[in-house]
Amino acid sequence: KVRLNLSIITNIMKKIILFRLLLAGILFGLWYICYPHTIQHLEETAFYANIPDYFYKYHSLPTDFIKIIGNYIAQFYQYHWVGAILQTIFVLFVLAACDIIFYRLLGNRKWLWISFIPSYIFAIQQTEKVGIEFSITWVIIIWILAIISLLIRKVPIITHIPQTDNKYLLKICEYSVPIICILLVIHNLLYNPNRLYFEKMQRIEHAAVNHQWDVILKEIPNDIQPIREVQFRYFLLALSEKELLGEYLFHFPIRNEKDFLFDTQGSVPYRFNSLFYWNLGLPNEAIRFAFQENQAGVSGDMTFAATRRLVDWYMQKGDIRQAKFYLNILSHSTCHKKFIRTRNIFLQQTTQPDIPHRVFFINAKLSVTALYLLELDCTDQRALNYLLCCLLLEKELDSFYSMFRTYWSEEKAIPTHYAEALLMLSDKYPEILSHYDISRQKQTEYKEYSELLQKGSSGLQTINMKYRNTFWRYMLFNQQNY
């Protein structure tokens with residue numbers, strides 16, 4: 001009889017261990033394969049430094065204690081495989097605590113399948129709440145409950161409630177509930193639209209930081225209309241860097257030149273604006289937004305991502321003193337040894353003095369900034385494209401023509417939207433058709449567009465559909481929703 005009981009317990013424990021190992025393997029694989037950029041984001045938006053000033057800021061318990069623990073653990077998410085393991089461990093901690101609670105309450109290992117239900121709820125919430133503090137809070141609370149159950153529960157509840165005679169039903173639950181919970185977790189991680197969108201946005205953002213513009217352009221959907229404002233700004237930035245802004249500008253829901261940048265507060269707008277100005281060639285403005293991003297971080301403190309960018313940008317800018325200052329701050333974290341070593345090698349070898357700063361105007365219109373950059377360097381194609389596109393967005397066709405004649409190289413092919421604007425200007429300046437090489441197909445389209453304008457409302461409806469992604473349509477319908 002004793003051997004039989006041991007055999008039954010052994011079989012039960014094998015099933016318990018098997019389902020937990022299966023859940024752990026699946027969670028690790030999904031986080032590591034499907035969400036590497038989300039894991040990277042968790043590290044980038046945290047900050048930890050083993051210095052008195054850092055700990056002095058946190059004086060409220062228990063919330064600040066959880067923040068410190070979360071920020072310390074977040075450092076290790078720099079390694080994607082470690083981040084995936086830690087995300088999995090959080091779920092296993094919750095599952096283990098639930099096992100203790102239900103075993104103490106029910107007094108039978110056969111009921112431990114119930115533990116998968118709260119663990120499933122936590123695993124789902126873990127994908128929704130982008131932050132390690134949430135996971136730590138759950139783990140602390142559930143383990144407090146587990147410890148309480150160990151201390152105060154002497155007799156299992158199962159002795160006070162009637163036991164079911166249907167052993168088959170209990171056996172079905174032993175297998176079906178864990179399997180169903182695991183399948184639901186898989187479905188959520190693979191098909192949760194909010195989580196997939198967040199991962200996509202982090203992938204786009206990291207591609208922008210690494211200047212992988214082709215990667216961003218591959219993310220542009222066929223149907224551009226439903227894209228969100230953060231997405232289309234990164235798409236426009238990639239198009240600018242690939243000198244394609246004049247080809248695809250009016251494919252996007254953009255109203256005026258302000259839409260190239262964010263005019264709202266928050267870490268996401270500040271991060272984009274800093275990247276935008278750095279690529280435009282205005283390091284002072286880029287660093288200003290990086291400072292603001294630091295202050296608007298998820299933890300309300302500095303962030304690893306912004307601090308690393310400040311180090312690199314100050315080094316490229318030639319401000320060695322400021323680069324060393326931020327590098328010294330990062331030296332008090334745990335996982336930046338390689339980063340610090342490579343930057344110190346550069347700092348030891350360079351004798352580059354501080355370089356003169358370019359003048360910039362805080363919150364100036366993009367068209368003004370672009371014109372200033374063109375005056376410094378008339379071959380700055382990026383600035384020229386921004387200037388011409390801004391003038392088109394403001395419907396300043398005469399100014400567009402003046403800037404186009406002044407700065408556009410005649411050897412370069414004319415982008416689609418610039419050609420559309422020149423054809424409209426040709427009604428006023430006929431010499432445009434003989435001076436610039438505009439395709440016959442585009443001239444035929446403009447002729448059809450002009451004829452449709454004469455047909456009243458029916459012609460406007462046709463223009464709205466046939467010439468949807470053109471500058472001509474923008475001239476007519478820019479006040480309406482795309």
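In helix α18, which spans residues 366–376, the buried residues are Leu366, Ser367, Thr369, Ala370, Tyr372, Leu373 and Leu374. The model is a predicted one. An α-helix has 3.6 residues a turn, so residues three or four places apart point the same way. The list for α18 can be read with that in mind: Leu366, Thr369, Ala370 and Leu373 are among its buried residues. What do the buried residues of α18 pack against? Their partners are α13, α19 (381–393) and α20 (397–407).

One of these partners, α13, is a good place to go next. This helix covers residues 267–280, and Asn273 sits in it. Is Asn273 buried or exposed? With a relative accessible area of 1%, Asn273 counts as buried, because the cut-off for that term is under 20%. Setting aside residues up to four places away in sequence, Asn273 touches Leu261, Phe262 and Phe289.

Phe276 can be examined in the same manner. Outside its neighbours within four places in sequence, Phe276 is in contact with Leu237, Phe260, Leu261, Leu366 and Tyr386. One of these, Leu366, was met above as a buried residue of α18. Phe276 also belongs to the largest nonpolar core, which has 99 residues. Within this core, the residues that touch the most other members are Phe260, Phe276, Phe400 and Leu422. The helix that gives the most to the core is α19, with 10 residues. Another core lies apart from this one; it has 43 residues, including Ile16, Leu27, Ala74 and Ala146.

From the cores we turn to the largest pocket. Its volume is about 590 Å³. The elements that each give two or more residues to its lining are α2 (36–44), α9 (193–209), α13, α15 (304–317) and α17 (337–349). Which of them gives the largest share? That is α15, with 6 residues. The lining has 24 residues in total, and those nearest the pocket's centre are Glu44, Val209, Asn210, Arg308 and Arg309. By type, the lining divides into 7 nonpolar, 9 polar and 8 charged residues.

Finally, the protein as a whole. Its secondary structure consists of 25 helices and 0 strands. There are 482 residues, and 49% of them count as buried. Of the contacts between residues at least 6 apart in sequence, 66% join residues at least 24 apart. The accessible surface comes to about 24900 Å², and carbon and sulfur atoms account for 59% of that surface.

Terms used: Residues numbered from 1 in each chain as written. Predicted model: local features only at pLDDT ≥ 70, side-chain atom pairs only at ≥ 80, totals over all residues. Heavy atoms only, no water. Helix = DSSP H or I, 4+ residues; strand = E, 2+ residues; numbered from the N terminus. Buried < 20%, exposed > 50% of the residue type's maximum accessible area, 1.4 Å probe, protein only. Contact = heavy atoms within 4.5 Å. 1 Å grid on protein atoms, 1.4 Å probe; cavity = no way out; pocket = protein on both sides within 12 Å on 5 of 7 lines; lining within 4 Å. Points joined across faces, edges and corners; volume = space filled by probe spheres on them. Nonpolar A, V, L, I, M, F, W, Y, C, P; charged D, E, K, R; others polar. Areas by Shrake-Rupley, 256 points an atom, 1.4 Å probe, with all protein chains shown as cover. Core = buried A, V, L, I, M, F, W, Y, C linked by side-chain atoms within 4.5 Å.
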